[in-house]
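Here is a brisk report on a two-chain model. Read it with the coordinates open.

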Amino acid sequence: MNDTDEDATAERQPARDRRRLWTSRLVQYLLLQVAIAGVCVLALRQSLPGPPDQYQVTAFKLTEAGIEHAVTLPYFSPLRHAMNDPPRFSGHFVHPAGEAGRAWSVFLPRFTNGVEVSVNGVVILDSRRDPAANRPDRNTPQIAVIPASVLHDGANDVSIRLFIWGPISGFLDRIWIGPDELLRPSFNLRTLIFVTLPVVFSSWQAILAVILGIMWVMRRHEPAYGVLAAAMAVGVGQAFLQTPIGETPFSRLNVVLISSAPIESALVLTFALLFSGWRWRHYGWVIFIPGVLLALAGLFGDQTTVRALFLFLAVPTVGISLAVMAIVTARSVLQRQNVAGLLLGCAVTIMLTCWIVDLLSVFGVMPNRIFTSRLSYSAMLVAIGAGLTWRFARALNEVDGFAGHLVTQVRDAEAKLKASFAREEERARAAALARERTRLMRDLHDGLGGQLVSIVALSERGNGSAGIGDAARAALKDLRLVIDSMDDIGGDLMLALGSWRERAMAQLRPHDIALDWRAVTAQGLPVHPELRPWHVIQIVRLLDEAVTNAVKHADAKRITVRIETLTGADGVERGRITVEDDGRGFEITPDGAAAGAIKAARGLRNMRSRAARCGAELELSSCAQGTHHGDHQGTRVRLTLPQRFPDSDGAAG
Amino acid sequence: MNSLSDGPQAEAITVVLLEDDAPTLWRLQDALTKAGYQVRAAGTLAEARACLAQGAPKVLLTDLQLPDGHGVDLIRETRQRFPDTEIMVISILGDEESVISAITVGATGYLLKDAFPTDIAATVRDLVAGHSPISASIARFIVRRTQNTPEAPPGPALNTAKLTPREIDILWGIAKGFSYAEIASHLSLSRQTVPGHIKNIYRKLEVHTRGEAVFEAVQQGLIKL
C-alpha cells in the first residue's frame, strides 16, 4: 500500500516540477511583454517637439457641408468622403513688418487625407501631388514657403481645403505659420521619422526579401522562409509603389496597396506558425480570405467601397494576425527557449501595442492622429533580421562543431587504418619469414643436415675422430638454432628459450652436468612485439656461449638458468636471464676481459658484443676457486633485456 | 642413462628401424641393440614393409624421405594394421614440417638423428613405457595453430579444434621450456597425468575421417619434393 503511494508520488513529482517550470517561464515571458508594451505606450504618449507656439494658428472658421462654424485645431472631421466639396478652414495670421528678409512658411504636421493651402487667395501647396502624403497610414508632414509677393505685412488670410477620401475620417492637426528657419527643424524631424525612416526600413525589407528568397530556393524543405520572403516582397511593393490620387491608368496598382496589409500580415502569421513547428493545413487559407476579398474588390469595385471595406477587413485581419502570432510565438518561446522566437515575440508585442493605439486614434480617442503601426513593423523587420543572423551563426557553429567532430573521426579512422596496415604488414612479414624458413628447412634437410648427421655417425664408427663428431654435432645444433630463431614466436622470448633448454640439456647430458631451470616470475619474461629473429639468435647464442664456457672451462656440475621479470620504480618491466655455474670461475681483469685462457676471453668478448647489439646489459661476475667472497662460487652471466629491442643492429659499426 | 638395467624386459621389445642413410642406420641400430632392443633394420620402404610382414613390432622408427617413397605412408599403414605399435619419426632437424605431418598420421614424437646413443635408448624406453615425448618447438607449433589467425600460416595443415583449453595450457608450458612437474604445479595437476595428456594430444591431432584424409593428402603434396 505504502509502496504504491510512494510510486504514484514519485511519478507525480516530475509532472508537478515541469508544470512549475512552465508557469515560471510563462510569468517571466508575460512580464517581459507587459514591460515592452508599457514602454511603447509611454513612448507613443510623448508628443514630438513643435515650432514656437507664437506661430501656431489654431482658430479657424470652418465651412463644412455648407455649414459655417468656428473651430480650434486639431479638428476631427466626421466626414469620410469629401472630394468635391471639401471642408474649408479660413483663418488669419499676422506677418510683422520688418520681416521681409526672412522667408515665411506654412507647416502642416499632420492631416488626413489631403490639403490645399492658399495664402491671400493664392494656392501655395497641394499635398495630393505628393504620393507619399496621400497615404493615411504615413504621417507625412508638409511645409510650403509662402512666396514673398503673396505675403504682406500685417494680417494675411490663410485658407485650407481638407480633402477626405477615406477609409478613415478627416483630420487636421494644428498648423504653424512663421519664419521658415523656425518651422523647418520640426518639419525635418517629422520627415526623418515618418518618411525617411520607413524608406530605410523598406529597403531593409527588400534586402530581407532577397535573402529569405534565396534561403527558400536553397532550402525548399523549409517553406517558412519562402512565406516570409513573400511577405517581405508584398511589404516592399506596398512601400515603393505609390500612385497619385484619382483614377489614373495605374489605379489597378492601388489594389496591391490596399490589399497589401492583410495579405502581408497573413503571410507573416503563416511564417510564425510554420516557424513554431505548425504543419500547413488546408484551412490555413482562411487567413488569406480578407486580403483576397479586398484585392477582388479593388479590381472590380470602385475605390470608395474598397476603402470602406479596408476598415472592416484589413484592420481586423492585421489585429487578429498579431494576436495569434503573439500566442504562437509565446508558446514557441516557452517550449523551445530559442532566441529567434523571443525576438519575434517582443516585436509582435510592440506591433500589437501600436496597432491598438492606432485603432484608438482612428476612433478619435487619442488627442492626436499619429499612426505607428507601419513604423512599428520595423521592429518586426529587425527581429527577423536578427533572428535570421542568429540562426545562421548557430548553424555555422554547428557546422564547425560537426567539422571538428568529423576531423577527429577521420583522424581516428586514419590511426586505425594505419594500425591495421602495420598489423597487415607485420603479418605479411611473418608469413614471408615462415615461407623462407620452410624453404631453408627443406634445403638443409636435403643437403647440409643429412651430411652433418652422416659425419656424426661416421666419426663414431672410427675411433679417435671424436673431435669431428663434436664439430658436426655443434654444426647441427647451430643449424637447429638458426631454423628455430626464424620461427614466429610472437615476441615471446620464452618460446625460444623453451627450445634452447632442450638443446642445452641434450648438450649437457653427456657431461653429467645438471641444468636447473628456474622461472622466478610466473609469466617468465615480458612480451616484446618488436622482437626480431636476429635478436633471438644473438640472445640464444650468448646463452649458448655461457653454457659452453661452463662445460669446457669451468668443470661445473650444475648450471642454473634463472628467468625473471624485474619491475622498475617507473613501472617498466624488463626481463632478466641469469646463467650461473658452480665451476672454477676465473679472474676478470678491470677492463672486463677474462684473465685466463685466450679462448674464454674471446668467448666473453663475443657475449659482450651480442648483448650490445640487442641493447641488453651484460653483467659478468666470476670468482676463482679458493677466493671465496660473497655467497656464490663460479661464474655468473646476467643478461638484462632492454625495455625495447633496437630496430637496427646497435653494434653494426 | 643406464638403459642396460632394463635388459630382461627389453629383450622382448622389437623395433623396426627404417633409415636410408647407411652410417646413420648403423649408429641408431648400434645404440638400440646395445640397449637390448631387438632391431629389424631397413633401408627402403619395401624392406620395412617386409620387416612388418613378420609381425607387429612394439616400436617403429622411420625416416621420412626414402628412396622408394615417403615415410608418412608407412606410418599410416602401420597405424592401421598395428594400433599398438608406437611410432616415432627420425628427423635431422626436428622441424615441425616433417614431424607434424608424421603426427597427423599416427606418429608420437621424433628422434634426432644425431642424438647420443644413451638418449636414443632412453627415448625409446620412455616411448614403450607410454610416455610420448614432445619437444618445445613442436608444442610451440601446435599452440600457435590454436590461435586464430585470418590466414592459414605456412607449413603443414593441422586441425587443433579438438584440443581442450587444458591441453593447450600444457602445450604452452612445454613450449616455454617448463618441465612436466612445473606444468603440473601451475595447472594444479598431478605430475603423473601430464604424459597421458600429451598422448591424448597426439591422438587428437591424428587424422581419421575420410574428409580429413583428403585434407591430409593435400598436405602431403606439400611435403613431396
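What follows takes chain B, the chain contact, chain A and some backbone features in turn.

This is a predicted model: local features need pLDDT of at least 70, side-chain atom pairs count only at pLDDT 80 or more, and totals for chains, interfaces and linings use all residues. Residues are numbered from 1 along each chain as its sequence is written, while chains are lettered from A and ligands numbered from 1 in the order in which they are written.

**Chain B**

Chain B holds eleven helices and seven strands. Both are DSSP runs numbered from the N terminus: helices are H or I with at least four residues, strands E with at least two. Of its 225 residues, 47% are buried. Buried means that 20 or more other C-beta atoms lie within 10 Å of the residue's own; exposed means 12 or fewer, partly exposed in between, with C-beta atoms placed from the backbone. Among contacts between residues at least 6 apart in sequence, 65% join residues at least 24 apart. A contact here is a pair of C-beta atoms, placed from the backbone, within 7 Å.

Five strands of chain B build an open, parallel sheet in the order β2-β1-β3-β6-β7. Its edge strands are β2 (38-42) and β7 (110-112), and each pairs on one side only. The twist averages 20 degrees from one strand to the next. Strands pair if DSSP finds at least two bridges between them. Within this chain, β1 (residues 14-18) and β3 (residues 59-62) pair in the parallel sense over four bridges. B:Val16 stands opposite B:Leu60 in β3(B).

**Where the chains meet**

The contact takes 36 residues from chain A and 27 residues from chain B. On the chain A side, α8 (373-461), α9 (466-485), α10 and β14 (514-519) each supply at least two residues. Helix α8(A) gives the most, with 17 residues. That side divides into 18 nonpolar, eight polar and ten charged residues. Ala, Val, Leu, Ile, Met, Phe, Trp, Tyr, Cys and Pro count as nonpolar; Asp, Glu, Lys and Arg as charged; the others, Gly among them, as polar.

**Chain A**

The axes of α10 (residues 493-508) and α11 (residues 533-554) of chain A come within 11 Å and cross at roughly 25 degrees. α10(A) and α11(A) are therefore roughly parallel to each other, a term for angles under 35 degrees. Contact residues include A:Trp500 of α10(A) and A:Leu543 of α11(A). They divide into eleven nonpolar, one polar and no charged.

Strand β18 (residues 634-640) of chain A is mostly covered, with five of its seven residues buried. It pairs antiparallel with β16 (residues 573-581) over five bridges, and with β17 (residues 617-623) over seven. A:Glu580 stands opposite A:Arg636; A:Ser622 stands opposite A:Thr635.

**Backbone features**

Most residues other than glycine have a negative phi, and most peptide bonds are trans. The table lists two residues with positive phi.

| Residue | Phi | Loop | C-beta neighbours inside 10 Å |
|---|---|---|---|
| A:Asp512 | about 55 degrees | between α10 and β14 of chain A | 8, exposed |
| B:Ser188 | about 55 degrees | between α9 (180-186) and α10 (193-205) of chain B | 6, exposed |

Two peptide bonds are cis: A:Leu73 to A:Pro74, with omega near 0 degrees, and A:Thr112 to A:Asn113, with omega about 0 degrees. A:Pro74 is in the loop between β3 (67-72) and β4 (75-76) of chain A. A:Asn113 lies between β7 (111-112) and β8 (114-119) of chain A.

Technical notes:
Two residues are in contact if their C-beta atoms, placed from the backbone, lie within 7 Å. Axes are lines fitted to C-alpha atoms, for helices over the stretch in contact, and angles run from 0 to 180 degrees between N-to-C directions. Angles under 35 degrees count as roughly parallel, over 145 as roughly antiparallel, 65 to 115 as roughly perpendicular and the rest as oblique.
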